[in-house]
Amino acid sequence: MNEICYFTARELARAVRKRELSAREVMEAHLEQIEKVNPSINAIVSLNEEAALKSADQADQILASGEEAGPFHGLPIAIKDTHNAKGFPMTSGSLALIDNVSKEDDLIVERLKNAGAIVIGKTNVPEFGAGAHTFNEIFGPTRNPYDLNRTAGGSSGGAAAAVTSGMLPFADGSDMGGSLRFPAAFNNVVGMRPSPGRVPSYPKAAPYSTLGVQGPIARNVEDVAFLMSVIAGYDKRSPIAIHESGEKFLEPFKKDISGLRVAWTCDFGGEIPVEPAVRKNLQEQLKVFTDLGCHVEEASPNLAEADEVFHTLRAWEFEMGGKDLFDKFSHLMKPSYVWNFNKGRDLRGIDIGRAERLRNELYHRMRVFFEKYDIFILPVSQVPPFDVNIEYPTEINGVKMEHYIDWMRSCCYISALGNPALSVPSGFTSDGLPLGLQIVGPYHADFEVLRIAYAFEQATKYGNTRPVLATNALAQSK
């Protein structure tokens, strides 16, 4: 029965709607996989098995009565623990919120539920989603299913680890500095950072900000698009929401990307250090695009100012959104978050003004860049998945990392721009650790990014390799 856990989300949804599988069968299969795998990985927290099974039975009754069912009817999902799901804890991985239970749903959760998805629990995060390594004082670390001694990435680390190991068919996440892309790369799944406003966020402390976005994680590109068809689309509660329906993402992808003009870089022209295994992996993917008929050229826009823009605006949002909790509970918070918050508290108006001016320059520089190229590819991470017992890599190729964000610039630079970006599996290191290719598109070209990722995915099939831990659990259940 647990083979159900590796059906695609689209296959599961179709089988439930046609009543080839009951919602209860689907739920029991995933709960069994969680029971077998989650104790080792620690991806799903605050699980409510009783409520999940009850909701699955109700989903089956709805189908039996002939009522209309949503596109995700009866599919299980666990919500990132920085997002509110009514009746579930929302701790953000912080002792400051250990007793917090959500009274309402965030907009993204509201949309998932309205589409018929059943919330079964939460997925683990680093404290306040800060950092691309998932660990906290409440639930502990999330481990990489491909190597339990390595990180699953973050901040949507619990989500990606749960999806790759068959505990969930798909998951929600969010991305400020790479929090959808890093865990997708480290767990051999697909994670998309949509254009700001494509997936509107509510409530949000900084509703006009484009730095942090919410988005999907799934095992393949078509399932990411399936999720986008529901979570994308206009909502008047978000002042930057894009006036375009999510139905666009249900359109079939064309595999032919011949003639595409592809720019690539490993390190933004020497701007950032990159480990040799990552560099080798990216260079191996260039032939894939050449074989697909693309024109491939090494090129990168000058994004040096993106570092300052990202650091300034991130710190400003941390301070603005977390002031009340920080003033009461800073003694309980991890030092890296305290450092980042205080960086925001020390900002002056002139600092924020300079960051906005530089961001404007970067936007136009990137706009001009995409007049010459159709797509921009680069590594998701400058390093492979690292030791789960350290907070972050302190050195890359002999270059010291000054703080917990410094090693994340391959994604942070892109976050500062507002372009859509996606991580798609790009193979493994020599010792079996997953890596991801980052595909960045022009402003608002979300569907095009997915289309190109789909062509790459179909040509390589890297994402078909599942972790041994999860597949062993499936074998034992037969």
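These exercises walk through helices, sheets and two buried residues of the structure above.

The model is predicted, so local features need pLDDT of at least 70, side-chain atom pairs count only at pLDDT 80 or more, and totals for chains, interfaces and linings use all residues. Residues are numbered from 1 along each chain as its sequence is written, and side-chain values use heavy atoms, with hydrogens and water left out.

**Exercise 1. Helix 9 and its partners**

Task: Work out how helix 9 is oriented to helix 11 and to helix 10.

Solution:

Step 1. Find the elements: helices (H or I, at least four residues) and strands (E, at least two) are DSSP runs, numbered from the N terminus. Helix 9 covers residues 306-329 and helix 11 covers residues 349-372.

Step 2. Look at the axes, which are lines fitted to C-alpha atoms, for helices over the stretch in contact, with angles from 0 to 180 degrees between N-to-C directions. Those of helix 9 and helix 11 come within 9 Å and cross at roughly 135°.

Step 3. Translate the angle into a word: under 35 degrees is roughly parallel, over 145 roughly antiparallel, 65 to 115 roughly perpendicular, and the rest oblique. Helix 9 and helix 11 are therefore oblique to each other.

Step 4. See who touches whom, where contact means heavy atoms within 4.5 Å. In helix 9, residues including Val309, Leu313 and Trp316 meet residues of helix 11, among them Ile352, Leu358 and Leu362. By class, this contact has 8 nonpolar, 1 polar and 5 charged residues. Here Ala, Val, Leu, Ile, Met, Phe, Trp, Tyr, Cys and Pro count as nonpolar, Asp, Glu, Lys and Arg as charged, and the others, Gly among them, as polar.

Step 5. Turn to helix 10 (residues 335-345), whose axis comes within 7 Å of that of helix 9, crossing at roughly 105°. Helix 9 and helix 10 are therefore roughly perpendicular to each other. Trp316, Phe318 and Phe326 are among the helix 9 residues in this contact, and Tyr337 and Phe341 are among those of helix 10. The contact divides into 7 nonpolar, 5 polar and 6 charged residues.

**Exercise 2. Helix 2 and helix 3**

Task: Decide how helix 2 is oriented to helix 3.

Solution:

Step 1. The axes of helix 2 and helix 3 (residues 49-64) come within 7 Å and cross at roughly 155°. That makes helix 2 roughly antiparallel to helix 3.

Step 2. Among the residues that meet are Met27 and Leu31 in helix 2, with Leu53 and Ala56 in helix 3. The residues of this contact comprise 7 nonpolar, no polar and 5 charged.

**Exercise 3. The sheet of 8 strands**

Task: Trace the strand order, then find the edge strands.

Solution:

Step 1. Two strands pair if DSSP finds at least two bridges between them. The open sheet runs 6-8-7-14-15-11-9-10, with mixed pairing.

Step 2. Strand 6 (170-175) and strand 10 (295-298) are at the edges; each has a single partner strand, so one side of each lacks a neighbour in the sheet. From one strand to the next, the twist averages 25°.

Step 3. Follow strand 11. Strand 9 (residues 261-264) pairs with strand 11 in the parallel sense over 3 bridges, and valine 262 stands opposite isoleucine 375. Strand 11 and strand 15 run antiparallel, joined by 4 bridges, with phenylalanine 376 opposite valine 440.

Step 4. Check burial: buried means under 20% relative accessible area, exposed over 50%, and partly exposed in between (1.4 Å probe, protein chains only). In strand 11, 5 of the 5 residues are buried, so this strand is largely enclosed by the rest of the structure.

Step 5. Add helix 13 (residues 446-460), which lies across strand 7, strand 11, strand 14 and strand 15 and runs at about 10° to strand 14.

**Exercise 4. Two residues**

Task: Are arginine 181 and asparagine 42 buried or exposed?

Solution:

Step 1. Arginine 181 belongs to helix 6 (residues 181-186). Its relative accessibility is 0%, so arginine 181 counts as buried. Beyond neighbours within four places in sequence, arginine 181 contacts residues including Asp175, Arg193 and Gln438.

Step 2. Asparagine 42 sits in the loop between helix 2 (23-41) and strand 1. At 18% relative accessibility, asparagine 42 also counts as buried. Setting aside neighbours within four places in sequence, asparagine 42 is in contact with Asn124, Phe139, Gly140, Pro141 and Thr142.
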